Amino acid sequence: MGNCCCGGNCQDARLKEILEQYKGMDGVLIPVLQKAQELQGYLPEKTLRTIADYFDMPYSEVYGVATFYAQFRLIPSGQNVIKVCTGTACHVRGGQKILDRVCSELNIKPGETSADGKFSLEPVACLGACGLAPVMMINDSTFGRLTPAKVSEILAKY
Amino acid sequence: MTMSINIAINGQKLTVPEGTTILEAAKQIGIEIPTLCHLKDTNEIGVCRVCVVEVKGARNLVPSCITKVTEGMEITTNSPKARKAREMVMNLILATHPKDCLTCDRNGDCELRTLADKMGIRKIDFGAPVKDLPLDDSNPSIIRDSSKCILCRRCVSVCNEVQKVSAIGLINRGIGTTVGTAFDRGLADSPCVFCGQCVSVCPTGALTERFNLREVWQALNDPDKHVVIQTAPAIRVSLGEELGEEPGTIVTGKMVGALRKVGFDKVFDTDFTADLTIMEEGHEFLQRLTEKGKLPLITSCSPGWVKYVETFYPEFLDNVSSCKSPQQMFGAIIKTYYAEKYKIDPAKIYTVSAMPCTAKKFEANRPEMNSSGYRDVDAVLTTRELGLLIKEAGVDWASVEDSQFDQPFGEGTGAGIIFGSSGGVMEAALRTLSEVVTGKELKNLDFKGVRGLEGIKEAEVTLNGQTLRVAVANGLANAKKVLDGLKNKELDYHFVEIMACPGGCIGGGGQPRPSTPDTKQKRMEATYRADKGLPRRKSHENPAVQEIYKEFLKKPLGEKSHHLLHTSYTPRNK
């Protein structure tokens, strides 16, 4: 995953390998995007253009598919990925305020990465820890019974 | 053989051919089911759900625009369930739609507003926040206001299927879905060719041309400015629709009269430079034919097509005629020949052109279009804007009397007029080429093989023993077919006419809405009627064209022509 071994053109060469596996096949855009995303953890514009050109598809179509599915990222992830639960239980316990606080602390919107590359923010539907609502995760750590003030304290530790 | 299907709509029995949709069947017995996303033959996807009806035995309501009738089907178009569902759909659309109808570009002809009225919607039940998305005004031709978009996808279908440009598509998901370009940039940063076919089919104010009326008024009100207007061939058969006339009405005389009342110093006819184009392009063709130059020669009048070939098929740029479009030739001639002849300072001349086209705005803004030493064309108005200009000026259309175009560019031939229809440039060229090559008078001027709304038309013409194969394509999907055929050597022509818009300029992106196949047919017939009615029907017989060669240009493809009337092209990124 993304560990460049040959300096410079490695990513391009690996993308080409992926494309060639699917040469001449129909309906393969999604698996191609998935594999291409594995290279750098996201899909840069250049990668999307290369894929579209290879399969002779309009850029708008490839971009449309890439933005439709939540699994595709068009910007690099931060070093730490924050997942804030917006599911029902968290919602009634003030999940939106938690999300708002993360946004204002980091000065980003949901789905974005902070300017220093330290955090990215993904709202999620449920983390399966409703008893601890409202909940968020940073990487593999779970934080429950949150308040906006606690959010600021937690973020400061990273 | 097509089977007959027996059905009943609202209790009325009828028989329709197999394959008929419920929507079409209902229309046959005078029942109009509301539709919003539906666009016959282009966008038949049933996404808006405004057209739902109740079918006996069906589990759910069905969208009538895409549901084909089946034997014994019993349909109720106005059952309480169907009406409630339709109202709900409209309510949901209207809830997030901006409410600035009074100042919207589509005030007066908005399909959404008309439908809300027809459906008797007087109150919106939901208090959802109104859409507030950034405006895309990145280019000289088209403004996209996604806040007003109802996601009917007509524009996307037209751009993808009819034009094969695919500048726009649906992006993001769920509530965040919008119509946008790849990487969500402005149209200027996309392969958009500015043909405006999307503007032509948009049911709301989400897609409009960039308005240039304000600049034109400013010039008209400036006593120092000499303001001239040229009107395209295809405008005289469509402008009437903006002013209450039936499609296909020829309003040439009234249009000139009205524009004089608006206050233009001179009203000229783009037919003049259409004829001039034939002289230049005809000679360019002969030169390529005799000197074994690059063939086929492909026409260059349609700026949407020119941007398309620059973007998608740059390998064909040497095939495209170096002739500027009639609009740009006109601009260059006005600020040189006309300025000299009438001793007017070209810096004080303001040229307006009235075009059936949104891409013409882009074309006039191309950086190289300044061969007169000034911006050759200062402002471009669409047919719709021209109608609005006349209304804004308070000119009572009904009482306007016919008037003649001004000299020296008031003479146009029938050949110039038919430029407005797909096949017209080819026919005009063939009329002139025939006489120039054979030296004999052409008796039958009608080249019917290149006429009509069909997407690709082919013909053969024999001149002095040499058979020329010609083709005409309209709509960029058809242009693509021709180019692909030429590329892989399946097709072989000497001369090809391509127009970006289906039907040619009569179906241009700046024409009155709605621009249906039926209205296009009527406009097209009108151009040929206008052609038949003129004493001169061949470009080289235009006395003004003969005069400008004598006094100024000297000869086709001469040095002055090269400088003022010809241009070069730029390969572009997709």
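Here are some worked exercises on the two chains, A and B, of a predicted model.

Residues are numbered from 1 along each chain as its sequence is written, while chains are lettered from A and ligands numbered from 1 in the order in which they are written. Since the model is predicted, local features need pLDDT of at least 70 and side-chain atom pairs count only at pLDDT 80 or more, but totals for chains, interfaces and linings use all residues.

**Exercise 1. Take stock of chain A.**

Step 1: Start with the secondary structure. Chain A has seven helices and four strands. Helices (H or I, at least four residues) and strands (E, at least two) are DSSP runs, numbered from the N terminus.

Step 2: Put them in order. From the N terminus, the pattern reads α-α-α-α-β-α-α-β-β-β-α.

Step 3: Look at the extent and the burial. A box of roughly 50 × 35 × 25 Å along the principal axes holds the C-alpha atoms of chain A. Of the 158 residues in chain A, 23% are buried. A residue is buried if 20 or more other C-beta atoms lie within 10 Å of its own, exposed if 12 or fewer, and partly exposed in between, with C-beta atoms placed from the backbone.

Step 4: Split chain A into domains. The assignment gives domain 1 (10-68) and domain 2 (80-156), and their C-alpha centres lie 31 Å apart. Such bounds come from an automatic or database domain assignment.

**Exercise 2. Describe how α2(A) and α4(A) pack.**

Step 1: Know what to look for. Two packed helices are described by the angle between their axes and the distance between the axes.

Step 2: Read off both values. The axes of helix α2 (residues 29-40) of chain A and helix α4 (residues 59-68) of chain A come within 11 Å and cross at roughly 70°. Axes are lines fitted to C-alpha atoms, for helices over the stretch in contact, and angles run from 0 to 180 degrees between N-to-C directions.

Step 3: Put a word to the angle. It makes α2(A) roughly perpendicular to α4(A), a label for angles of 65 to 115 degrees (under 35 is roughly parallel, over 145 roughly antiparallel, the rest oblique).

Step 4: Find the residues that do the touching. Leu29(A), Ile30(A) and Leu33(A) of α2(A) meet Val62(A), Val65(A) and Ala66(A) of α4(A). Two residues are in contact if their C-beta atoms, placed from the backbone, lie within 7 Å.

**Exercise 3. Trace the partners of β1(B), then zoom in on Asn6(B).**

Step 1: Take the hairpin. Strand β1 (residues 4-9) and strand β2 (residues 12-17) of chain B pair in the antiparallel sense over six bridges. Strands pair if DSSP finds at least two bridges between them. Ser4(B) has Pro17(B) as its bridge partner in β2(B). Two residues sit between the strands, and Asn10(B) takes a positive phi near 50°.

Step 2: Find another partner. β1(B) also pairs with strand β5 (residues 74-76) of chain B, in the parallel sense and over two bridges. There, Ala8(B) stands opposite Glu74(B).

Step 3: Zoom in. Asn6(B) lies in β1(B) and counts as partly exposed because it has 13 C-beta neighbours inside 10 Å. Leaving out residues up to four places away in sequence, Asn6(B) touches Lys13(B), Thr15(B), Glu71(B) and Gly72(B).

**Exercise 4. Sort out two sheets of chain B.**

Step 1: Take the parallel sheet. This open sheet of four strands runs β12-β11-β14-β15 in chain B. Its edge strands, β12 (266-269) and β15 (379-382) of chain B, each pair on one side only. From one strand to the next, the twist averages 25°.

Step 2: Add helices. Helix α6 (residues 213-220) of chain B packs on the sheet, touching β11 (226-231), β14 and β15 of chain B, with its direction at about 120° to that of β15(B). Helix α11 (residues 326-341) of chain B touches β11 and β14 of chain B, and its direction makes about 155° with that of β14(B).

Step 3: Turn to the mixed sheet. Another open sheet of four strands in chain B has the order β13-β18-β17-β16, with mixed pairing. The edges are β13 (297-298) and β16 (456-463) of chain B. β16(B) and strand β17 (residues 466-474) of chain B pair in the antiparallel sense over eight bridges, and Leu463(B) stands opposite Gln466(B) in β17(B).
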